[in-house]
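User: Could you walk me through the packing and the empty space in this model?

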Amino acid sequence: MSAAGTSGPGLAPGRRFEGRTAIVTGAGSGIGRATAQRLAGEGAAVACLDVTADAVEETTASLAEVGAKAQSYCCDVTDQGEVRRVVDDVAASLGRPEVLCNVAGIGTFAHSIDMPLATFERIVAVNLTGTFVMVQAVLPHMLNGGGSIVNVASTSGLRGAPYSAAYCASKGGVVLMTKALAVEYAGRGVRVNAVAPGGVDTPLIGHFAIPEGADPKHLSRIVSPMGMSRPDQIASAIAFLASEESSYTTGAVLAVDGGVTA
């Protein structure tokens, strides 16, 4: 394990999560998988949640290969009963959850006039409601000893993005929900922050096909001259906010976007 100040891609600066239990949603791929790997590499016992059983089991297997303690759960974050059962099982088997990383998310590009209502509702349900459901299930454990919650928002929650009305609405909700929760639980041992990535090279990007007839001028608003980020670059920011290195930080939204919102 590298020392602080000498880390690179995939290398952790220390073992900031030694003896702690973390829950990561969307852990089957992309940012979620990278976050689970990062936290496990720094000593956390990690509960990996995803709706895709095979994918989340692959993540857990990758953690086991390096000696990390981890469990996988096939879980839909929009199902409150299922989420509460999983969180209770995590607490019983891995220990009281002290870290929650809400990474699970979906989205698509579409002309707003053409978007089916069911698609809009599902995006909001997973990205916004699912985040709240996870927070509500974990809070009783965190209020009994402290904890850190990191939500994954988006630059699309900080400024308008074309062909993304549902995604922007959901991620804008995550931003303000993060701030509301941070204010509500400040001084009670629970910190709540968010990371707002720009474009990230993950499987999710495949769902954002440019709709027919899209105006290319609009798309320049969401593209960084630095290109897309890697999942591990976002995971590094998540790990910082989840760790005690950010112990005086709550209600923050950290943009990791190659300057898109600068």
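Analyst: Happy to! On a 1 Å grid over the protein atoms alone, a cavity is a set of points where a 1.4 Å probe fits but cannot get out, and lining residues have an atom within 4 Å of a point. Grid points are joined across faces, edges and corners, and a volume is the space filled by probe spheres set on the points. This is a predicted model, where local features need pLDDT (the predictor's confidence in each residue, from 0 to 100) of at least 70, side-chain atom pairs count only at pLDDT 80 or more, and totals for chains, interfaces and linings use all residues. Residues are numbered from 1 along each chain as its sequence is written, and side-chain values use heavy atoms, with hydrogens and water left out.

User: How many cavities of 30 Å³ or more are there?

Analyst: The largest has a volume of about 40 Å³, and Arg-159 and Arg-221 are among its lining residues. The second largest holds about 30 Å³. By this rule the count is two.

User: Which element gives the most to the lining of the second largest cavity?

Analyst: Its lining includes Val-126, Gly-130, Thr-131 and Met-134. Helices are DSSP runs (H or I, at least four residues) numbered from the N terminus. With four residues, the top contributor is H4.

User: Over which residues does pLDDT stay under 50?

Analyst: The chain has a mean pLDDT of 92, and 93% of its residues reach 70 or more. Where pLDDT is low, the predicted coordinates should not be read in detail. The stretch with pLDDT under 50 is residues 1-12.

Terms used:
Contact = heavy atoms within 4.5 Å. 1 Å grid on protein atoms, 1.4 Å probe; cavity = no way out; pocket = protein on both sides within 12 Å on 5 of 7 lines; lining within 4 Å. Helix = DSSP H or I, 4+ residues; strand = E, 2+ residues; numbered from the N terminus.
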